[in-house]
Amino acid sequence: MQKETPPVVIDTSGVDIHAENARIREHGPVAQVELPNGVRAWSITGYDAGRQALSDHRLSKDGHQHWTAYVHGEVDPSFPLIDWALMDNMNTTYGSAHSRMRALVAKRFTPRRIEAMRPTIDKIVASLLADLAGSSAGTVVDLKARYAYPLAARVIFDVVGIPEAARGTILGDGEAQIDTTKTSEEIAASVERGLMELAAVVEARRQHPADDLMSDLIAAQQEDGSELRDGEIIGNLSFLLGTGTETVTNLVVNSVLALLSHPDQLQLVRSGKASWQDAIEETLRVEAPVAHLPFRFPTEDVQLGGVTMSAGDPVLMNFAAIGRDPAIHGTSAGSFDITRPSKDHLSFGHGAYSCIGKALGRVEAEIAVSALFTRFPDLVLAVPASDIKPQSTFIMNGRDELPVLLATTPAESA
Ligand code: HEM
């Protein structure tokens with residue numbers, strides 16, 4: 001990697017990703033950053049450069065093949081982000097290995113199937129809201145723990161086919177994996193626990209197939225000679241559970257927080273001048289749930305945004321910065337304005353690795369946010385928005401908690 005002016009050193013605690021991104025952007029749409037262990041990487045903060053990178057087949061996600069430092073045995077195993085490049089799942093494969101796996105999974109997420117899931121999502125939302133309404137008046141309620149997270153988890157755990165009894169362990173470990181303040185040993189231990197639990201679940205399902213994604217993958221392994229390995233099945237299921245839970249949770253939490261801290265914008269939706277979809281889309285733009293995603297690796301030298309990224313350099317997609325690019329959103333790029341005509345973002349990625357669950361994520365968030373504000377019209381934050389801490393990660397963009405007062409009137413809780 002070419003050395004230039006000192007790069008921005010990434011704060012792994014993720015305390016203020018937007019301020020950090022503004023500093024990275026000062027160095028251009030594609031700029032060097034420093035990760036833990038002194039590892040240098042490129043961060044793509046520009047919208048145009050981001051689209052180009054995501055459409056460029058020369059940017060691989062397979063660290064085993066294309067991360068030069070790893071191939072040469074030069075990566076310190078204690079580098080805490082190592083798993084992001086080496087995990088055994090579709091998102092870290094390249095070429096035909098990637099498209100084969102992607103096609104198998106995508107069958108469960110067609111627009112028709114997602115639309116058919118609306119009644120199930122409605123039901124889960126209604127039961128979570130009924131549970132919230134049971135809280136005594138004046139109690140502070142954490143909407144992340146009691147609403148956003150259980151919704152996102154139940155939906156994706158149902159799609160994959162994880163039995164209730166195994167959900168606790170797998171969920172706990174998913175949370176630990178995205179915490180970029182943890183050591184590589186702590187992360188490895190939690191990954192191991194989750195994968196072992198999942199392996200046991202897959203073995204049991206092999207004997208008793210059902211109508212779920214896990215059974216699809218087991219059937220593909222048995223039927224079409226696709227040479228799907230057990231490790232791949234487990235790795236992909238684990239990835240889907242994590243990605244389907246953490247992202248949707250963040251989108252719901254970020255949307256509710258944005259609306260509660262911008263009452264004028266909430267009023268626009270309530271008065272019919274804007275829609276819930278407008279609010280969700282603007283949240284996706286200004287508070288991308290996946291903030292700064294490791295890693296891509298150029299398979300050859302690639303020129304982008306005025307720099308040359310050498311073959312094998314680690315590259316991060318800075319989705320949080322891309323949504324706020326002033327080159328396309330002007331000086332108000334950082335403001336939450338649900339009426340802005342163009343809400344362009346790349347928060348679901350783009351191109352070969354673009355999000356398979358984006359329709360599902362949008363539907364879940366729309367149902368969850370609209371139903372919440374309808375059920376609890378007096379909902380308010382229980383503390384000032386500035387006191388609500390971000391998650392300790394620079395990779396994801398969410399909050400540890402979302403404390404609110406439901407302010408349920410007696411008529412509503414009846
Ligand atoms: C608001 C919700 C969501 C957001 C913001 C989001 C974001 C993203 C992003 C940015 C990527 C691109 C990764 C890359 O470039 O390497 C991605 C990929 C992916 N997402 Fe989502 N996601 C969301 C919901 C979901 C859900 C509910 C699922 C459930 C199935 C899902 C499954 C996937 C999968 C399987 C991929 C990898 C595709 C591949 O490697 O070809 N996502 N997502």
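**A helix across a sheet, and the surroundings of the ligand**

Helix α9, spanning residues 143–160, lies across strands β5 and β11 and runs at about 35 degrees to β5. The model in which this packing appears is predicted.

The strands beneath this description belong to an open sheet of three, ordered β5-β11-β10 and paired in antiparallel fashion. Because β5 (140–142) and β10 (380–381) stand at the edges with a single partner strand each, one side of each has no neighbour in the sheet. Strands of a sheet pair through backbone hydrogen bonds, in either a parallel or an antiparallel manner. Here, β10 and β11 (residues 403–405) run antiparallel and are joined by two bridges. Leu381 has Val404 of β11 as its bridge partner.

The ligand offers a second point of entry. Its iron atom has a single donor from the protein, the SG atom of Cys355, at 2.3 Å. Cys355 is situated in the loop between α17 (326–329) and α18 (358–375). Around the ligand there are 29 residues, of which Lys61, Asn91, His98, Arg102 and Cys355 come nearest.

Several side chains place polar atoms by oxygen atoms of the ligand. For Asn91, an N or O atom of the side chain is 2.8 Å from a ligand oxygen; for His98, the corresponding distance is 2.6 Å. A polar side-chain atom of Arg296 lies 2.8 Å from an oxygen atom of the ligand.

The shell as a whole comprises 17 nonpolar, nine polar and three charged residues. At least two residues come from each of α6 (96–106), α13 (230–261) and β6 (293–298). Helix α13 gives the most, with seven residues.

Key: Residues are numbered from 1 along each chain as its sequence is written. This is a predicted model: local features need pLDDT of at least 70, side-chain atom pairs count only at pLDDT 80 or more; totals for chains, interfaces and linings use all residues. Side-chain values use heavy atoms; hydrogens and water are left out. Donors are N, O and S atoms within 2.8 Å of the metal (3.2 Å for Na, K and Ca); water is not among the atoms, so sites may look incomplete. Helices (H or I, at least four residues) and strands (E, at least two) are DSSP runs, numbered from the N terminus. A residue is near a molecule or strand if one of its heavy atoms lies within 4 Å of it. A polar contact is a pair of N or O atoms within 3.5 Å; within protein, one must be able to donate a hydrogen and the other to accept it, and residues adjacent in sequence count only if both atoms are side-chain atoms. Ala, Val, Leu, Ile, Met, Phe, Trp, Tyr, Cys and Pro count as nonpolar, Asp, Glu, Lys and Arg as charged, and the others, Gly among them, as polar. Two strands pair if DSSP finds at least two bridges between them. Contact means heavy atoms within 4.5 Å. Axes are lines fitted to C-alpha atoms, for helices over the stretch in contact, and angles run from 0 to 180 degrees between N-to-C directions.
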